[in-house]
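Here are my notes on the model, as numbered points. Please read them with the structure open.

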Amino acid sequence: MARIELKNVSKSYGNHEVVWDLDLVIPDGSLTVFVGPSGCGKSTLLRMIAGLEDISAGDVLFDGERANDVSPVRRGVAMVFQNYALYPHLTVRDNIGFGLKMAGAGKDEIRERVDEAADTLHIEPLLDRRPAALSGGQRQRVAIGRAIVRDPTVFLFDEPLSNLDAELRVVMRVEIAKLHQQLRATMIYVTHDQVEAMTLADQIVVLRAGQIEQIGTADELFSEPRNLFVAGFIGSPQMNFLKGRHIGGGNIELAAGGRLHMPGHELADGEPVTVGIRPEHIVTQSETSLVSGRVDVVENLGGVRFAHTTLPSDETMVVESRADVRPKPGDNLSIGFSNRHVHIFRESGEAANRLTESAIGDSFRRVE
Amino acid sequence: MTLGTAKIDKKGTRFGNTALSATQARRLTLAGLALPSILLMVAINGYPILFAAFQSMYDGSLLNWGEFVGFGNYAEVFRDPAFWRAVRFTVIFTMAGVLGSWAVGFGLALLMLKPFPGRALFRVLLLLPWIVPIVVSSMSWNWLLATPYSLLPQAVEAIGLGRVMFLADPTMAMITVCVFKVWISYPFMLMIMGGALQAIDKNVMEAAEVDGCSGLRRLRHMILPMTARTTYIAWILMVFFSVNDFPTIYLLTGGGPLSSTTTLIVMAYRTVFQDFLPGYGVAISFIVTIALVALSIFLLRQIRKSSLQ
């Protein structure tokens, strides 16, 4: 168990900054997920915590002690790689036991602890096989076994499920969540998949271009994204963004037509804004409609349908509809939403500050 | 999979009046396709081998076949102390060539893994001994070592090690020939082992680092086992290159002094073309061939047994 702290950490390759002046605390026993698009520096950050990558500037602290120059094994980290990185020439048993062997553990102790780990992960029948004879899911279990057997202070997962098929990914995701509950160890998990991030994390760190965009729980990121990037990245399907302008008095005129009353935001008169609304918060009943959209495509997922629509402003909008409404391509949908679900972003991309919570009403708006 | 225009399906096919299973039909197709090259190989390799086999059973000269002596030449070869001296030096020369060039080549390949300024240039320079024709390199080694007034003997004398006869003293000549062999052979090992090292998954090495395996332990537990297959293959090839190596020795020492650097292949050459005893010389070559075939079968079995990766 360990509390990890990053202080003003930077990483650059030549002139290319990968991570820039980053501060972060990973609480003891938490499962923290680094999420972001490829190239955002999340893997580099993880590798710096592992000790596999030098730190260009700043400090990494393990339980308050500077660990910049401490080797991975002395930091007590264990890592699970995206491509599993099993030792091809060793059996599963020797793969799992290798770290213990290197640490100088006795044969009996290694055997016992490997058996224990194999039991936890249900891989006893595989112990005498070599990695080449295992399926992707089995290899991933072995890789996790190799990590847990050493009883590390920190578990590091570098996109561990990316190479698995969709079905297996869900299974392994649940297993990793269980493992965290069981071990209560500090875990850091890197993924580009926001669903993985949302389902696993105690704390999500959203990264873009080597900087932290927002840190928070899944709920916080979902309901209070700090900027357009986080708003667009978290949630599936993506949040809809509509162009608008603050015309004063908390009234926002949408380019697509219609007007929203959103009092309590710190906005200048005439300021251009982006209005964000998630597909699941859209209501398609006529008496609450704000704008109308023509349906282009409908994706039917069984319990829910996503209608991709085009608004009069040529903006696109994805609308979620439950079983009772069945939009068809070519239909005109009346689109409305409660302003309590609306996010307002300024031109810079930052969410507009709210002045007071009480000023916000809860009413549907009609097309005006 | 179908081959060429041969129609093969799961139910099999008909070949003339005979019904064939799919497997049989496929085998027949493959055999048919391989036949022309097999015939060519028999014509090119088989005929001379057969001819030589006959020749090794006659006691004639280069001009006439002489009398049939059966395995007489072979029996005589095995009684000849010169043969056993040549066997001894062939083994020494081969071991030195294989292990020496492997150690040097693999060591350099390991050093070349990490980037450093001028690495690309080094890579080319290190291949030079291999690129330069052996006639040229043996000549330059001769200039470097052959007489007491050459560069290296002068240098050795200057630092007070006395007069060393690199090619004139039998033991020194053996060492010199072996060192020369390592020098012209290590680039081959550098290329092959370098390739094997490049093929190691970087993440696996990092996983080993996280598991606390670094330095020499990394070499022993990770790098050597993961490149073992390539190592074995490179060794087998270098065994052939060394046992069959005629120019290295012939150009540097001609097999001397006092036959100290005569390998079996040099001995066979001299017996046939200097002593004009083709039956005897060819018998020696046959013994070498049989020994090499036996050795390669053994080593290939070892590779299969190791079944790494």
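1. Start with the short strand E5(A), where A:Arg66 is the bridge partner of A:Leu61. This is a predicted model, and the points below should be read as such. Strand E5 covers residues 65–66 of chain A, and two bridges join E4(A) to E5(A). The two strands run antiparallel. Together E4(A) and E5(A) make a hairpin, with two residues between them. Look at the turn: A:Asp63 has a positive phi of about 50° there.

2. E4(A) has another partner to inspect. Strand E4 (residues 57–62) of chain A pairs with strand E1 (residues 4–13) of chain A. The sense is antiparallel, and the pairing runs over five bridges. For a register check, take A:Leu6, which stands opposite A:Val60 in E4(A).

3. Next, the six-stranded sheet of chain A. Its order is E6-E7-E8-E3-E9-E10. The sheet is open and the pairing is mixed. Which strands are at the edges? They are E6 and strand E10 (211–216) of chain A, each pairing on one side only. Neighbouring strands in this sheet are turned by 20° against each other on average, direction ignored.

4. How is strand E3 of chain A placed, covered or not? Mostly covered: five of the five residues in E3(A), which spans 31–35, are buried. A:Leu31, A:Val33 and A:Val35 point one way from the strand. A:Thr32 and A:Phe34 point the other way. Both sets are buried.

5. The neighbours of E3(A) deserve a register check too. With strand E8 (residues 186–191) of chain A, E3(A) pairs in the parallel sense over five bridges. There, A:Val35 has A:Thr191 as its bridge partner in E8(A). With strand E9 (residues 203–208) of chain A, E3(A) is joined by four bridges, again running parallel. There, the bridge partner of A:Thr32 is A:Gln203 in E9(A).

6. E8(A) also pairs with strand E7 (residues 154–158) of chain A. Five bridges join the two, and they run parallel. One point to verify by eye: A:Val154 stands opposite A:Thr186 in E8(A).

7. Chain A holds a five-stranded sheet as well. The order is E15-E19-E16-E17-E18, the sheet is open, and the pairing is antiparallel. Its edge strands are strand E15 (282–283) and strand E18 (316–321) of chain A, each pairing on one side only. E15(A) pairs with strand E19 (residues 332–337) of chain A over two bridges, in the antiparallel sense. In E19(A), A:Gly336 is the bridge partner of A:Val283.

8. Now the division of chain A. Domain 1 runs over 4–229 and domain 2 over 237–346. Over C-alpha atoms, the centres of these two domains of chain A are separated by 39 Å.

9. What does the contact between the chains involve? In all, 18 residues of chain A are in contact with 15 residues of chain B. On the chain A side, the elements giving two or more residues are helix H2 (72–75), strand E6 (77–80) and helix H3 (92–102). By class, that side has 15 nonpolar, three polar and no charged residues. Note that E6 of chain A appears here and is also an edge strand of the six-stranded sheet.

10. Chain B is built from 13 helices and two strands. Why call chain B more spread out than a compact globule? Because its radius of gyration is 25 Å, well over the 19 Å that the globule rule gives for 309 residues. Its C-alpha atoms fill a box of roughly 85 × 75 × 30 Å along the principal axes.

11. The domain assignment of chain B gives domain 1 (13–55) and domain 2 (72–306). The centres of the two, taken over C-alpha atoms, are separated by 37 Å. Of the 309 residues of chain B, 28% count as buried. Consider also the contacts in chain B between residues at least 6 apart in sequence: 64% of these join residues at least 24 apart.

Notes:
Residues are numbered from 1 along each chain as its sequence is written. Chains are lettered from A and ligands numbered from 1 in the order in which they are written. This is a predicted model: local features need pLDDT of at least 70, side-chain atom pairs count only at pLDDT 80 or more; totals for chains, interfaces and linings use all residues. Two residues are in contact if their C-beta atoms, placed from the backbone, lie within 7 Å. Ala, Val, Leu, Ile, Met, Phe, Trp, Tyr, Cys and Pro count as nonpolar, Asp, Glu, Lys and Arg as charged, and the others, Gly among them, as polar. The radius of gyration is taken over C-alpha atoms; the globule rule is 2.2 Å times the number of residues to the power 0.38. A residue is buried if 20 or more other C-beta atoms lie within 10 Å of its own, exposed if 12 or fewer, and partly exposed in between; C-beta atoms are placed from the backbone. Domain bounds come from an automatic or database domain assignment. Two strands pair if DSSP finds at least two bridges between them. Axes are lines fitted to C-alpha atoms, for helices over the stretch in contact, and angles run from 0 to 180 degrees between N-to-C directions.
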